Amino acid sequence: MSWAVPTTRALAQRLAANMLSQQFTASDGTVVRLDPNAPNTLENVLGVVWTLALAEVYSAIRDELLEMMVTTATADGLLPDHAEMWGVPRNPATGAIGTVLVTVSAPVTLPIGTAIVSDGSVQWLVTTATTIAGGSTGSVPVQANTTGTVGNLAADTELTLVSPVAGVTTVVVDAQGLAGGAAIESVESWRARIISKIRSPVAGGTATDYVGWATDAGAAYAKVLPDAYGRGTVGVIIAMPGPAVPTDAQIAQVQSYIAARQPVTAKVTVIAAQMVERSPTIFLNPDTVSARKQIEAELTAYYPSKGIGGKLYLLEIVSVLTTINGTSNDLLLPTADEQLADNQIAVLGTINWQGAS
């Protein structure tokens with residue numbers, strides 16, 4: 001049950017009632033009653049001071065009780081202690097990782113730490129010494145030296161070496177892009193992982209364990225396929241925040257994290273989820289810009305919320321429409337529930353609007 005915290009008015013009324021019930025006999029024999037409601041009296045001042053002080057005590061006790069629960073603890077309070085107790089550290093800000101394609105006219109070796117830039121605001125450093133034969137193109141792994149999304153780059157972005165190297169002709173981001181740069185994990189995401197660990201503690205390699213390890217390593221969505229490639233194998237399908245398809249570098253990162261924690265006998269393979277667009281056809285009446293924006297926002301959140309290999313329910317989509325614009329909306333397509341494949345995660349494509357004027 002919740003603990004009721006009285007208002008300052010209730011505290012003041014409680015004090016006043018108590019003081020008014022008291023009476024004293026003065027030295028001259030007169031009966032004296034204390035009246036904290038009388039203005040400009042000592043009792044009135046004491047009543048105000050006592051009420052404010054006691055209100056602070058109640059607030060402090062309430063805040064401490066809230067901090068004792070993971071569901072209400074704050075990042076500046078006891079949430080870090082809950083996290084340490086359950087072994088769920090907050091995911092730190094990360095720098096983008098990926099691969100760049102370096103084309104050379106003569107043999108070149110790029111040592112670890114070789115700096116590469118785009119516009120000069122961020123540098124990406126080579127993480128593995130790479131030798132490239134003359135007249136060829138080599139894949140070179142890099143990581144941003146700055147955390148956050150600023151280090152993420154699209155495929156085919158042209159880069160340059162901070163210190164030119166003889167023989168290097170071009171440097172471009174490979175087809176998967178540089179990805180994974182993110183700010184420090186949000187408090188609510190952190191809280192959700194702590195609660196998940198409390199509800200489902202590590203149990204020696206259950207499906208829940210693998211999902212937890214994948215999300216601890218940065219994945220936003222994960223699905224586990226026991227015996228995916230035969231007895232004793234485990235397939236872990238992941239998608240990154242967004243949702244987004246993980247790059248090879250992100251898959252390797254999650255694979256390495258799981259490998260350090262999985263049962264030694266398991267053969268685990270981390271796999272990228274496949275993004276599938278779903279483009280519903282909606283008849284909107286009345287057809288307004290506001291309704292369109294709200295429906296688009298809700299469906300943008302709805303589709304990935306079903307997770308990898310989830311099921312898209314017709315009634316849930318209809319519910320989104322009717323909640324926003326009444327019952328006069330018709331969902332023309334789809335016309336039935338849809339079960340996604342084990343490796344698929346749905347995202348909103350383009351809504352086909354058929355509005356009534």
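**Close-up views of a predicted model**

**View 1. Ser59 in helix α2.** Ser59 sits in helix α2, which covers residues 42-67. As with everything shown in these legends, this placement comes from a predicted model. Is Ser59 buried, exposed or partly exposed? Its relative accessibility is 25%, and because buried means under 20% and exposed means over 50%, Ser59 counts as partly exposed. Look also for Pro6 in this view: Ser59 and Pro6 lie 53 residues apart in sequence, while their C-alpha atoms are 9.7 Å apart in space.

**View 2. Helix α5 and its packing partners.** Here we turn to helix α5, residues 207-216. Which residues of this helix are buried? They are Asp209, Tyr210, Trp213, Ala214, Thr215 and Asp216. These buried residues of α5 pack against three strands and two helices, namely β11 (221-226), β12 (233-239), β13 (267-272), α4 (187-199) and α6 (248-259). Follow the chain just past the end of α5 and you will meet Gly218, which has a positive phi of about 115°.

**View 3. The crossing of helices α7 and α8.** Two helices share this frame: α7, made of residues 289-305, and α8, made of residues 314-325. Their axes come within 10 Å and cross at roughly 150°. Angles over 145 degrees count as roughly antiparallel, so α7 is roughly antiparallel to α8. The crossing of the two helices is right-handed.

**View 4. Side by side: the contact of α7 with α8.** This view shows the residues through which the two helices meet. From α7 come Ala291, Gln294, Ile295, Glu298, Leu299, Tyr302 and Tyr303. On the α8 side, their partners are Glu316, Ile317, Val320, Leu321, Ile324 and Asn325. What classes of residue make up this contact of α7 with α8? There are 9 nonpolar, 2 polar and 2 charged residues.

**View 5. Stepping back to the whole protein.** To help you place the close-ups, here is the protein with its 8 helices and 20 strands. The C-alpha trace spans about 115 × 55 × 50 Å along its principal axes. The radius of gyration is 31 Å, whereas a compact globule of 357 residues would have one near 21 Å. Of the 357 residues, 34% are buried. Contacts that reach along the sequence are worth a look too: among those between residues at least 6 apart, 64% join residues at least 24 apart.

How values were computed: Residues numbered from 1 in each chain as written. Predicted model: local features only at pLDDT ≥ 70, side-chain atom pairs only at ≥ 80, totals over all residues. Heavy atoms only, no water. Axes fitted to C-alpha atoms, helices over the stretch in contact; angles between N-to-C directions. Helix = DSSP H or I, 4+ residues; strand = E, 2+ residues; numbered from the N terminus. Parallel < 35°, antiparallel > 145°, perpendicular 65-115°, else oblique. Left-handed = near helix turned anticlockwise from the far one by under 90°. Contact = heavy atoms within 4.5 Å. Nonpolar A, V, L, I, M, F, W, Y, C, P; charged D, E, K, R; others polar. Rg over C-alpha atoms; globule rule 2.2 N^0.38 Å. Buried < 20%, exposed > 50% of the residue type's maximum accessible area, 1.4 Å probe, protein only.
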